[in-house]
Amino acid sequence: MEAVFVFPGQGAQRVGMGESLMRASEAARSVMADADRKTGLPLSEVCLNGPEERLTGTGFAQPGVVAVSLAAAAALRERLSTEGIHLHPSYCAGHSVGELAALVEAGAMSFETGMSLVAATGRLIVAVSRTAVVAIAPVV
């Protein structure tokens, strides 16, 4: 079976995201617990209970979206495996920070590296946003 996994970027976060996954899937709970440990953030708690202001801040939104995305992929694989289907996506893609989830799911980056990178990126964006941010693109 060919499958394509496409992961969302920042902006997809909502308080309560991942709740049904974590309730139904041991694999999803495990991914979220690992994400909490790897990032040193209470991602599971903030994703489930907010507050919204905290979850929508880049420092939580980006690692939260990546963690829940990977938890969803793990829950899907877990569910299908009970039916004897062993799914590995043929292609993975992601929008913005979702690219990190895609790289992890594709096996191009370890879970540990992906979660460390997204947590560091979130922290840096928060720190830099206290000053001016300028995007510079070459003109051809």
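**Exercise 1.** Which side chain meets that of Arg37 in a salt bridge? Classify both partners by exposure and locate them in the predicted model.

*Solution.*
Step 1. The partner is Asp34, with N to O at 2.3 Å.
Step 2. A salt bridge requires a side-chain nitrogen of Lys or Arg within 4 Å of a carboxyl oxygen of Asp or Glu, and the pair of Arg37 and Asp34 is listed at 2.3 Å.
Step 3. Both residues belong to helix α2, where they stand 3 residues apart, about one turn of the helix.
Step 4. Arg37 has a relative accessible area of 59% and is therefore exposed. Asp34, at 31%, counts as partly exposed.

**Exercise 2.** Examine the salt bridge of Arg29 in the same manner.

*Solution.*
Step 1. Arg29 pairs with Glu26, and their closest N and O atoms are 2.9 Å apart.
Step 2. Helix α2 holds both Arg29 and Glu26, 3 residues apart, about one turn of the helix.
Step 3. Arg29 is partly exposed at 34% relative accessible area; Glu26 is also partly exposed, at 47%.

**Exercise 3.** The structure holds 5 salt bridges. Describe the one between Arg77 and Glu105, and state whether each residue is buried or exposed.

*Solution.*
Step 1. The side chains of Arg77 and Glu105 meet at 2.4 Å, N to O.
Step 2. This pair links distant parts of the chain, since Arg77 lies in helix α5 and Glu105 in helix α6, 28 residues apart.
Step 3. The cut-off for buried is under 20% relative accessible area. Glu105, at 8%, is therefore buried, whereas Arg77, at 29%, is partly exposed.

**Exercise 4.** Identify the main contributors to the largest nonpolar core, and list the contacts of Met32.

*Solution.*
Step 1. The core comprises 34 residues; Met32, Leu43, Val66, Leu70, Phe111 and Met115 have the most contacts inside it.
Step 2. At least two core residues come from each of β1 (4–7), α2 (26–39), α3 (43–49), α5 (58–81), α6 (98–106) and α7 (111–128).
Step 3. Helix α5 gives the largest share, 11 residues.
Step 4. With neighbours within four places in sequence left aside, Met32 is in contact with Met22, Leu43, Ser44, Cys47, Ala67, Val68 and Ala71.
Step 5. In soluble globular proteins, nonpolar side chains tend to be buried together.

**Exercise 5.** Which residues form a nonpolar patch on the surface?

*Solution.*
Step 1. The patch consists of Val4, Val6 and Tyr91, which together have about 340 Å² of accessible area.
Step 2. Tyr91 lies in strand β2 (residues 91–94).
Step 3. Tyr91 has a relative accessible area of 53%, so it is exposed.

Methods:
Residues are numbered from 1 along each chain as its sequence is written. This is a predicted model: local features need pLDDT of at least 70, side-chain atom pairs count only at pLDDT 80 or more; totals for chains, interfaces and linings use all residues. Side-chain values use heavy atoms; hydrogens and water are left out. Patches are made of residues with over 30% relative accessible area and no salt bridge: like charges are joined within 9 Å, nonpolar side chains (Val, Leu, Ile, Met, Phe, Trp, Tyr) within 5 Å. Accessible areas come from the Shrake-Rupley method with a 1.4 Å probe; for residues, only the protein chains shown count as cover. Helices (H or I, at least four residues) and strands (E, at least two) are DSSP runs, numbered from the N terminus. Buried means under 20% relative accessible area, exposed over 50%, partly exposed in between (1.4 Å probe, protein chains only). A nonpolar core is a set of buried Ala, Val, Leu, Ile, Met, Phe, Trp, Tyr and Cys residues joined through side-chain atoms within 4.5 Å. Contact means heavy atoms within 4.5 Å.
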